[in-house]
Amino acid sequence: MIDFLLRPLRRNFGRDRAYYRMVDDLFGFVPHNIELYKLALIHKSASLVLDDGRAINNERLEYLGDAIIEAVTSDYLFIEFPDRDEGFMTQLRSKIVSRQSLNALAVHIGLDGYVISNGAGVVQKHIYGDAFEAMMGAIYLDQGYEFVNRLLIGGIYLRYLNLEDLTESETDFKSRLIEWGQKNRHQVVFRTEHDKEYASNHPVFYCKVLIDGMEVGHGSGDSKKEAEQHAAFSVSQGVTDEQCASLLDRIDKLARP
């Protein structure tokens, strides 16, 4: 009853009515502590600097939300796939909680239109996914775990996630390439470097893939893991498994005395 009375008041009156309206429109409820949600929208590029020099942004909430999303997703998959093993659920969870997936979910629900960032200096590709994590962290602190569990599964996953497509999609290209190398007795090496000349607040990693000492692919990303996956993907796009095996077999024969 109290929420029923507060909803129109908070949506239409007061200095924070735009924020209350945003949360209500996106997630269907009226928050208790609106300051958490305001903070969840502030990307580090638009940090508010306090008098004591501290920067205020959504990074701490992002950290918390990341853990909450992983826990809820684990719950979801454990119930949804009672006959599948740990490896299957771990891989599917990784796809769901990936930066790319969360970024897409943020856009689907319309969160991207509210994120506050310094657009001129922002080159990070997944700021909306980061804000999504921060928002889940805010909801957890404001409403509790059971609430965010129901909201994330019933209100977002069931509406916007296609588990069948995710199950069939290939995202762990690095593991696939390493397995191929082990099967065909070829050495697969990932050489990843951090570009220290780049902006300190936005690290970029570059990766080269070498098979038996020969460079066959490369990629970049916001993290070492992402750069390696992009590099492995570039190899998978270049040639098929059969073509690559045939090529390397020919090289082996030429190299023999």
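Let me start with the aromatic pairs, of which this structure, a predicted model, holds 5. Take tyrosine 76 and tyrosine 157 to begin with: their ring centres are 5.5 Å apart and their planes stand at 35°, and since a pair counts as edge-to-face only over 60 degrees and as stacked under 30, this pair is tilted. Tyrosine 76 belongs to helix H4 and tyrosine 157 to helix H8, so the pair ties together parts of the chain that are 81 residues apart in sequence. Both of these tyrosines are buried.

Another pair is made by phenylalanine 81 and phenylalanine 88, and here the geometry is edge-to-face, with 5.1 Å from centre to centre and 70° between the planes. Phenylalanine 81 and phenylalanine 88 are both buried as well. There is also a cluster, in which ring pairs link Phe29, Tyr37 and Phe147.

Now, staying with tyrosine 157, I would like to move to the core. The largest nonpolar core has 47 residues, and the members that touch the most others are Phe27, Phe132 and Tyr157. Helices that each supply at least two residues of this core include H2 (17–27), H4 (59–80), H5 (86–96) and H8 (145–160), while the greatest contribution, 8 residues, comes from H7. If we set aside neighbours within four places in sequence, tyrosine 157 is in contact with Ile69, Thr73, Tyr76, Ile96, Leu105 and Leu152. Separate from this there is a second core, of 13 residues, and among its members are Phe173, Cys207, Val209 and Ile211. As background, nonpolar side chains in soluble globular proteins tend to be buried together.

Let me turn next to H5, where phenylalanine 88 sits among the buried residues, together with Met89, Leu92, Lys95 and Ile96. How are these buried residues of H5 arranged when one looks down the helix axis? They fall within an arc of 120°, so they line one face of the helix. In general, an α-helix has 3.6 residues a turn, so residues three or four places apart point the same way. The face of H5 that is turned away from the buried side carries Glu86 and Gln91, which are exposed. At the start of this helix, aspartate 85 places a side-chain oxygen within 2.9 Å of the backbone nitrogen of phenylalanine 88, the residue that also takes part in the edge-to-face pair with phenylalanine 81.

Just beyond, in the loop between H5 and H6, we find valine 97. Is valine 97 buried or exposed? Its relative accessible area is 15%, and because the cut-off for buried is under 20%, valine 97 counts as buried. Apart from neighbours within four places in sequence, valine 97 is in contact with Ile69, Glu70, Thr73 and Leu102; Ile69 and Thr73 appear in the list for tyrosine 157 too. Between valine 97 and glycine 129, which are 32 residues apart in sequence, the C-alpha to C-alpha distance is 9.4 Å.

Finally, the chain as a whole. The model has 12 helices and 5 strands, and of its 257 residues, 38% are buried. Among contacts with a separation of 6 or more, 52% come from residues 24 or more positions apart. The chain exposes about 15,400 Å², and carbon and sulfur atoms supply 51% of that area.

Definitions and conventions: Residues are numbered from 1 along each chain as its sequence is written. This is a predicted model: local features need pLDDT of at least 70, side-chain atom pairs count only at pLDDT 80 or more; totals for chains, interfaces and linings use all residues. Side-chain values use heavy atoms; hydrogens and water are left out. A nonpolar core is a set of buried Ala, Val, Leu, Ile, Met, Phe, Trp, Tyr and Cys residues joined through side-chain atoms within 4.5 Å. Buried means under 20% relative accessible area, exposed over 50%, partly exposed in between (1.4 Å probe, protein chains only). Helices (H or I, at least four residues) and strands (E, at least two) are DSSP runs, numbered from the N terminus. Contact means heavy atoms within 4.5 Å. The arc is that of the directions from the helix axis to the C-beta atoms. A polar contact is a pair of N or O atoms within 3.5 Å; within protein, one must be able to donate a hydrogen and the other to accept it, and residues adjacent in sequence count only if both atoms are side-chain atoms. Accessible areas come from the Shrake-Rupley method with a 1.4 Å probe; for residues, only the protein chains shown count as cover. Rings of Phe, Tyr and Trp (its six-membered ring) pair if their centres lie within 6.5 Å; planes under 30 degrees apart count as stacked, over 60 as edge-to-face and the rest as tilted.
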